[in-house]
Amino acid sequence: MNTSMTTVASRAPRVEKGLVHKHDAGQVLLSGLERLGPDEFLIAADWTDTAGLGDGAVLLTETIRQTFPLLSHAGYDVPFGHRLAWSEYRYALNLPSLRENGIGGRPDLHIRCYDVIRRRERVTGLSLHITVVRDGEQLATAHTRFTIQPPAIYDRLRGPRGDAHRMLELARSRPLPPPVAGAGEEFRDVVLSPTDATDRWQLRIDTHHPMYFDHPGDHAPGILLLEAAKQAVRTLRHPRVGVAEAMETVFHRYVELDSPCWVDAQLLPDDQLGRARFLVTMHQEGRLCFTALVSVAKQEPGREQARPAAG
């Protein structure tokens, strides 16, 4: 493990931005890593300054996404330049705690890695079980899996679409579709564009967005797809729609930047906890790219969003 890493106990400044694949150091949410066993880790997060990251689901997901490169480089000696790809992701929020105490503070992520795949002594895939705890109280649980590809393999699989600068130029040469009304708090953060159907949208990819495209990418980032699924459910205006309390997602293939991606949502029977549930799918060029099962909590009167906690 990288001996220059800060341990959880020290509560030092946030980790170096390159270790979480960020260009903007202000977007780094992790502050330390401690190895507890061969495949067990404790990662400290810092949520004391998280303006622009919306609700607890967005903050949790971006925090977890940053653990992928941190664990890869500092925990499993994956060289820089290797590409990380999301395979699946699911989470469940402890909404009573988030509503009562807010979404700030300094939580710890207890991470157990399993189904670790190695080729020629290099890790090429692993699953994570994550428990997020703050001040002894569980805030959320999550499961995710991602794969790791050396540059030569990634370039071969992606072909011409693997050139990030070319793909960004193509995306920016196309008019940005108008934002759908009511999907997000700010137009800048709306990732859906309306169509003639009330349950279908075009994915709106703003390649100048400071979080989704903090650094050049050759495809739509996974966190943008997750946000689009959440906004699609919110835009349906179902009377029971509230916070996306739980989500189960599968990333089937990359969403490209040079052709339209269509987002569809439909109401399903309630889940086992009695929450309204929705299926969101994304298709591009006639192929399924992404699916999400979204379970939403009924909105509590006067509590549209968890309030920030004291730093």
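**Close-up views of the predicted model**

**View A. The pair formed by Asp271 and Arg275.** With a relative accessibility of 16%, Arg275 counts as buried. The structure shown is a predicted model. Asp271 is likewise classed as buried, at 14% relative accessibility; the cut-off for this class is under 20% relative accessible area. The side chains of Asp271 and Arg275 meet in a salt bridge, with an N to O distance of 2.8 Å.

**View B. A salt-bridge network of Arg83, Arg158, Asp218 and Glu256.** These four residues are joined into one network by salt bridges that share partners. A search of the whole structure finds 13 salt bridges. In general, side chains of opposite charge can pair when their charged atoms come close.

**View C. The salt bridge between Arg83 and Asp218.** The closest N and O atoms of Arg83 and Asp218 are 3.6 Å apart. Arg83 belongs to strand β3, whereas Asp218 sits in the loop between β8 and α5 (222-235), so the salt bridge ties together parts that are 135 residues apart in sequence. Asp218 is buried, with a relative accessibility of 0%. Arg83, by contrast, is partly exposed, its relative accessible area being 28%.

**View D. The salt bridge between Arg158 and Asp218.** Here the closest N and O atoms lie 3.4 Å apart. Distant parts of the chain are linked by this pair: Arg158 is in helix α3 (residues 151-158) and Asp218 in the loop between β8 and α5, 60 residues apart. Arg158 and Asp218 are both buried.

**View E. The open sheet of 12 strands.** The strands follow the order β1-β2-β4-β5-β6-β3-β9-β12-β11-β10-β8-β7, and their pairing is antiparallel. At the edges are β1 (30-37) and β7 (192-194), each of which pairs on one side only. From one strand to the next, the twist averages 25 degrees.

**View F. The edge strand β7 and its partner β8.** Strand β8 comprises residues 200-203 and runs antiparallel to β7, to which it is joined by 3 bridges. Within this pairing, Ser193 has Gln202 of β8 as its bridge partner.

**View G. Helix α1 lying across strands of the sheet.** The helix spans residues 56-76. The strands that α1 lies across are β1, β2 (40-45), β3 (83-93), β4 (108-119), β5 (122-134), β6 (137-149) and β9 (244-251). Relative to β3, helix α1 runs at about 135 degrees. Strand β3 is also the element that holds Arg83.

Terms used
Residues are numbered from 1 along each chain as its sequence is written. This is a predicted model: local features need pLDDT of at least 70, side-chain atom pairs count only at pLDDT 80 or more; totals for chains, interfaces and linings use all residues. Side-chain values use heavy atoms; hydrogens and water are left out. Two strands pair if DSSP finds at least two bridges between them. Helices (H or I, at least four residues) and strands (E, at least two) are DSSP runs, numbered from the N terminus. Axes are lines fitted to C-alpha atoms, for helices over the stretch in contact, and angles run from 0 to 180 degrees between N-to-C directions. Contact means heavy atoms within 4.5 Å. Buried means under 20% relative accessible area, exposed over 50%, partly exposed in between (1.4 Å probe, protein chains only).
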